[in-house]
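Subject: Structure handover

Hi,

Here is the structure you will be working with. Please open it first, then read my notes below alongside it.

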Amino acid sequence: MRVALFLTCVNDTLYPDTGRAVVKLLTRLGVEVDFPMSQTCCGQAHYNTGYRHEAEPLARHFSDVFGEYEAIVTPSGSCGAMVRELYPRMGGRARSEGRGDTLARVLAPVADRTYELTEFLVDVLGVTDVGASYPHTVTYHPTCHGLRGLGLGDRPRRLLEAVKGLELVELPGAEECCGFGGTFALKNSDVSAAMGTDKVRNAESTGAEVLCAADNSCLMHIGGTMTRLAVGMRPVHIAEILASTETRAETAA
Amino acid sequence: MSGTFIGMPVFPPPTHPAFPKAAREAVRNPTLRGNLRHATHTIRAKRAKAVAELSDWDRLREAGRLIKDHTLRHLERHLLRLEESVTAAGGTVHWAADADEANRIVAGLVKATGESEVVKVKSMATQEIGLNEALEAEGIRAYETDLAELIVQLGKDRPSHILVPAIHRNRGEIRDIFREEMGRWGRPAPEGLTDTPAELAEAARLHLREKFLRAKVGISGANFMVAETGTLVVVESEGNGRMCLTLPETLISVVGIEKVVPTWRDLEVFLQTLPRSSTAERMNPYTSMWTGTTDEDGPSAFHLVLLDNGRTDTLADQVGRQALRCIRCSACLNVCPVYERAGGHAYGSVYPGPIGAILSPQLRGTESEIDASLPYASSLCGACYEVCPVAIDIPEVLVHLRERVVEGGVTVRQGNKVVLKPAKGHAAERAAMRAARWTFSHPGALRTGQRLASRTRRLQPRTLPGPGKAWSGTRDLPAVPAEPFRDWWQRTHGGKDGAE
Ligand code: SF4
């Protein structure tokens with residue numbers, strides 16, 4: 001099977017390790033990965049801040065770049081939700097504004113074929129044990145757009161539970177938003193920081209070494225709060241855990 | 001519609017500071033944060049349990065959504081039917097286009113009775129129009145009889161929650177308010193009042209009883225109005241509402257036009273979903289229904305004031321109109337992580353929390369600082385949508401209203417189409433969004449930017465100037481990697497570079 005990796009602009013620029021992990025993981029599972037070089041950004045920040053008309057050309061560009069692929073995989077719940085849930089909505093809005101069906105038609109195929117990484121693994125490849133090993137205690141934060149936007153349910157947890165050596169500990173208040181919310185973190189920084197602090201304190205109370213999530217934007221916010229509060233925990237993207245073959249001996253060495 | 005109407009509906013004058021500024025104080029108030037965390041977490045857990053008891057919750061939610069949407073689509077027809085039924089049952093119907101008109105009508109009705117005191121059932125609509133203040137200006141004293149409203153009124157405070165207006169207060173604070181203020185309004189608090197719930201409730205009961213027995217005029221809102229029978233419905237937990245609805249000689253109900261349902265049967269759905277969503281009860285302890293007047297029983301005069309105050313304009317908006325489905329259960333407030341930290345007062349309206357963030361800017365317009373900032377008072381986490389018993393997609397409406405703020409556009413005010421200009425203060429953001437869109441439309445430019453960032457990464461500060469300061473004041477920025485992914489991909493996979 002051949003899939004297109006939609007890495008997202010944030011991961012491409014700031015978290016290339018996540019991208020490398022996705023490539024390693026999918027290749028190990030026998031999937032041929034392509035990275036279309038002209039990909040940029042899905043337009044989520046524009047759309048969610050109220051700039052729908054700036055987001056439209058980006059959605060069209062996305063469709064130009066990815067329209068040919070059978071499956072598009074992304075390691076981000078929120079960008080996945082943008083393409084899958086909000087592109088159709090943008091198409092519908094254009095229609096209701098009397099601009100015809102073109103946008104809806106252009107965006108429908110990419111919306112239908114986009115999968116968030118854990119969803120792709122569980123639903124399309126049908127695996128929960130991806131052959132990873134990661135000898136650490138991990139707590140899992142389900143990000144809002146993955147949880148409520150895409151309905152990822154327990155897929156990420158099932159994947160984590162099958163990782164060798166990994167001890168999963170429950171995060172109190174797991175389903176509460178970490179306070180990132182894109183431009184919300186800038187526009188309402190006091191409330192955002194208060195939410196982030198509560199999230200980090202809850203994570204700290206688990207005693208885990210690692211906080212894992214399926215979205216680097218949220219991890220950027222949580223991780224930035226962790227270093228500021230000097231909490232000795234690492235934020236790690238789930239793809240990096242699922243790609244890992246680290247063993248206890250290596251950890252000791 | 002009144003001919004003299006100018007400007008916006010008047011409920012709380014929107015001179016309130018923008019949300020982020022108003023929230024800043026609340027975030028730093030440990031007592032408030034503690035009170036709110038405790039109260040919202042308790043009720044949210046209870047709600048989840050009460051809802052989980054029903055195997056058909058999803059279907060009830062869908063039914064509620066459909067009934068409301070259908071009714072809103074034919075609102076005029078149902079309201080005329082309601083007017084007919086209420087009139088036939090011996091009541092009088094008044095139509096109020098805005099807050100001023102509604103207040104004028106109510107004040108006139110009270111004056112006609114010759115009374116200068118009224119008792120009130122807790123009601124959002126009368127708060128929305130500032131009725132108590134308007135009556136006060138006419139020399140009429142309105143006594144709130146709901147326990148939490150009483151606390152707010154005695155404390156010269158503002159409500160901060162739809163259902164529990166004094167949620168921001170703890171028991172100690174309430175005891176102090178009762179001790180100091182009750183005497184000035186009627187029967188004083190008993191000597192040596194402590195902060196146990198039983199004693200506080202008893203103090204309120206004694207204080208209120210006096211007023212119930214004296215009052216000749218009662219004022220209420222309603223949770224529902226049934227068009228086919230002309231019946232009004234109030235659900236409550238304390239029973240004080242029932243006293244106000246039955247003891248006085250004259251009853252005046254001020255109700256938003258969106259509260260109508262076509263038939264008696266429709267109540268079946270909401271009388272299941274409302275209590276579970278709001279107080280996590282299977283049924284409301286008191287469900288009061290009244291239809292016009294009845295000889296020798298209950299009030300002998302009944303007036304219904306149907307309030308528009310921006311609702312018809314809201315109905316004209318295809319995306320935003322779903323806010324009118326709201327049954328004011330307050331479930332969205334209790335799960336909202338922003339409300340939990342910012343408190344209700346930061347929203348600058350009687351409607352706080354997620355529903356307030358979409359309702360106020362529609363009822364009042366987005367012109368003021370507070371109303372232009374409310375659509376951004378959310379991280380779009382979606383918890384509100386998940387719990388809403390009538391499935392209002394609050395995040396969708398928030399984003400829609402953000403668009404109205406930053407891009408302007410056509411909307412309806414007082415029945416007329418108006419073209420809104422983009423709000424002030426978004427010019428820099430708009431420029432940044434355009435620049436980002438340009439970069440993202442030109443993959444080569446994005447790549448150049450990424451490489452530049454990687455090469456200069458050792459020089460980059462971990463804190464930011466300008467708007468970014470809000471971020472780096474409380475969180476560290478991530479380090480820029482030595483090489484963006486696409487460069488690594490090209491180096492290792494030798495892909496054809498479509499970007500250059
Ligand atoms: S928006 Fe929904 S959840 Fe919020 S108060 Fe209204 S009905 Fe309840």
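**Chain A and its two domains**

The domain assignment splits chain A into domain 1 (2-124) and domain 2 (137-243). Keep in mind that this is a predicted model. The centres of these two domains, taken over C-alpha atoms, are 22 Å apart. Their contact involves 29 residues of domain 1 of chain A and 22 residues of domain 2 of chain A.

How much area is buried between domain 1 and domain 2 of chain A? The figure is about 2,000 Å², and carbon and sulfur atoms give 61% of it. Three residues stand out on the domain 1 side: Tyr15(A), Thr118(A) and Val122(A). Together they supply 22% of the area that domain 1 of chain A buries against domain 2 of chain A, more than any other three residues.

Now the polar side of this contact. The count between the two domains of chain A is one salt bridge. Asp123(A) and Arg155(A) form a salt bridge, with their closest N and O atoms 3.0 Å apart. There are also 13 residue pairs in polar contact between domain 1 and domain 2 of chain A, both residues at pLDDT 80 or more.

Which helices should you look at? On the side of domain 1 of chain A that touches domain 2 of chain A, at least two residues each come from α1 (9-14), α2 (16-28), α3 (44-49), α5 (77-96) and α7 (117-124) of chain A. The largest share, seven residues, belongs to α2(A). By class, that side of domain 1 of chain A has eleven nonpolar, ten polar and eight charged residues.

**Where chain B meets chain A**

Next, look across the two chains. In this contact, 71 residues of chain B meet 62 residues of chain A. The two chains bury about 5,700 Å² between them, and 58% of that is on carbon and sulfur atoms.

How many salt bridges cross the interface of chain B and chain A? The rule finds 15. One to display is Arg24(B) with Asp190(A), where the closest N and O atoms are 2.9 Å apart. The interface of chain B and chain A also has 32 residue pairs in polar contact, both residues at pLDDT 80 or more. Helix α20 (residues 427-441) of chain B gives the largest share of the side of chain B that touches chain A, with eight residues. That side of chain B has 32 nonpolar, 16 polar and 23 charged residues.

**Chain B: domains and ligand**

Chain B is assigned domain 1 (19-312) and domain 2 (426-494). Between the centres of these two domains of chain B, taken over C-alpha atoms, lie 52 Å.

Finally, the ligand. Which residues are around the ligand? Four cysteines are easy to pick out by name: Cys326(B), Cys329(B), Cys332(B) and Cys388(B) are among them. The list also includes Ile327(B), Arg328(B), Ser330(B), Ile355(B), Pro389(B), Val390(B), Ile392(B) and Ile394(B). By class, the shell around the ligand has ten nonpolar residues, one polar and one charged.

Best wishes

Key: Residues are numbered from 1 along each chain as its sequence is written. Chains are lettered from A and ligands numbered from 1 in the order in which they are written. This is a predicted model: local features need pLDDT of at least 70, side-chain atom pairs count only at pLDDT 80 or more; totals for chains, interfaces and linings use all residues. Side-chain values use heavy atoms; hydrogens and water are left out. A residue is near a molecule or strand if one of its heavy atoms lies within 4 Å of it. Ala, Val, Leu, Ile, Met, Phe, Trp, Tyr, Cys and Pro count as nonpolar, Asp, Glu, Lys and Arg as charged, and the others, Gly among them, as polar. Domain bounds come from an automatic or database domain assignment. Contact means heavy atoms within 4.5 Å. Buried area is the accessible area (1.4 Å probe) that two parts lose on being put together, summed over both. A salt bridge is a side-chain nitrogen of Lys or Arg within 4 Å of a carboxyl oxygen of Asp or Glu. A polar contact is a pair of N or O atoms within 3.5 Å; within protein, one must be able to donate a hydrogen and the other to accept it, and residues adjacent in sequence count only if both atoms are side-chain atoms. Helices (H or I, at least four residues) and strands (E, at least two) are DSSP runs, numbered from the N terminus.
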